[in-house]
Amino acid sequence: MSTWLTVVGIGEDGYLGLGKQARRALLGAEMILGSSRQLALLPRCIAGQREPWPSPFCLDPVLSRRGQSICVLASGDPMLFGVGASLSAQVAAGEMTVLPSPSSYSLAAARLGWALQETDLLSVVARPVEAIRRYVHPGRRLLVLSQDGRSPAHIAALLRESEFGESRLQVLEHLGGPKERIVDGLARDWSCLESASLNIVAIDCRSETSRGLPLTPGLPDEAFRHDGQLTKRDVRALTLSRLAPRPGELLWDIGAGCGSIGIEWMRTHPACRALAIEAHDGRQGFIQHNRDALGVPGLGLVRGQAPMALEGLEPPDAVFIGGGVTAPGVLEQSWDALKPGGRLVANAVTVQSEARLIQWREAFGGDLVRIALAQAHPLGRFDTWRSALPITLLSAHKP
């Protein structure tokens, strides 16, 4: 099928800011879809039928008219957190032309004199604002595309909670248009509860009391809210090294406890995904708190007991079993669901759970590792070693 869909990036300068190719596409379109604000930027000479996006948003108005001459309006660069990226998953590249304008990020960087390649580009459009936590480190610069006019105040509150109240915020409103302006201030003093709906937040991260949390596996145990059901820091780092997360992969964290393994898995890369399977009500609450507090609100929570709770879940690239190793069928069902080339890691503390791992290894293969850790503690005027319970770790790769 030939090209029938054109996605036009339009800025606050409207139709006059478009190039010739974008103008021709709009003049020849049978139908034009966009937000009400974007459609209002078009002059009367555009004769095509104008249709605002439905609420809730969906692509059906475009896909149901496949083959007609259609234009879709997008803000700035349609392929950068825009509708163009959503359409490209449904429409072949040969059927679609994308005509970008400068993105909000590019315009903001130009106003501020920031190098884009040294700046983290984030979005809280239809995303929890807590997702920016993992990027907050002293000296880092962030550009955050807002959901609405309340987003800057929410971001300022999050920075204060994270001990980054000294961070400088600049809210850039209506970039590229006649209403353009910049609101400047510190997160600790931020008092503007609502900005213009169309805005991007520039953050120069600063703190006098916090260095932020590292992105390497092995966060301090006190970073998590838990009831003692926690894979401890050093064991967690070793476990993650065996799970070997890669961008875009999905982890099942079975018997998740407070969710520490799934959370650390997702913190290694923004594209990593995880499902925490947990039956205990109180620990489910810990998971919900920890995923937000540590910047991975996209961690999925599956409420239930394995193996029953595993039914119907998306097949994983890796599985961690931190609890329930001795439950009938958990190891077998996890292994069966695992994608080819996937990794299974299970930890055991009791004699019974260790025996189960040894039995399973004899049937399916894998490596067994004994982890014995000790920490120095005071004993009178001296120090002595206090050993933690030894842990047996099973690591297996599926052919």
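This report describes the two largest pockets and a selection of the salt bridges in a predicted model.

## The largest pocket

The largest pocket has a volume of about 1300 Å³, and its lining is made up of 45 residues, with R37, Q38, S75, F81 and L145 lying nearest the centre. Helices α2 (36–39), α4 (83–88) and α5 (104–112), together with strands β4 (70–75) and β10 (199–204), each contribute at least two residues to this lining. Sorted by class, the lining of the largest pocket comprises 20 nonpolar, 19 polar and six charged residues.

## The second largest pocket

The second largest pocket encloses about 810 Å³ of space and is lined by 37 residues, of which L230, T231, K232, V349 and I391 lie nearest its centre. At least two lining residues come from each of α7 (233–243), α8 (260–267), β15 (343–348), β17 (374–379) and β18 (382–387). Here the lining divides into 15 nonpolar, 16 polar and six charged residues.

## Salt bridges

The structure holds 21 salt bridges. One of them pairs E354 with R370, the closest N and O atoms being 2.4 Å apart; because E354 lies in helix α11 (residues 351–364) and R370 in strand β16 (residues 367–371), the pair ties together parts that are 16 residues apart in sequence. R370 counts as exposed, at 53% relative accessibility. Elsewhere, salt bridges with shared partners join E166, R188 and D189 into one network.

E173 and R181 also meet through their side chains, at 2.6 Å from N to O; E173 is buried, with a relative accessible area of 3%, whereas R181 is partly exposed at 44%. In the salt bridge between R150 and D148, the closest N and O atoms are 3.2 Å apart, and R150 is partly exposed, with a relative accessible area of 41%.

Terms used:
Residues are numbered from 1 along each chain as its sequence is written. This is a predicted model: local features need pLDDT of at least 70, side-chain atom pairs count only at pLDDT 80 or more; totals for chains, interfaces and linings use all residues. Side-chain values use heavy atoms; hydrogens and water are left out. On a 1 Å grid over the protein atoms alone, a cavity is a set of points where a 1.4 Å probe fits but cannot get out, and a pocket is an open set with protein on both sides within 12 Å along at least five of seven lines; lining residues have an atom within 4 Å of a point. Grid points are joined across faces, edges and corners, and a volume is the space filled by probe spheres set on the points. Helices (H or I, at least four residues) and strands (E, at least two) are DSSP runs, numbered from the N terminus. Ala, Val, Leu, Ile, Met, Phe, Trp, Tyr, Cys and Pro count as nonpolar, Asp, Glu, Lys and Arg as charged, and the others, Gly among them, as polar. A salt bridge is a side-chain nitrogen of Lys or Arg within 4 Å of a carboxyl oxygen of Asp or Glu. Buried means under 20% relative accessible area, exposed over 50%, partly exposed in between (1.4 Å probe, protein chains only).
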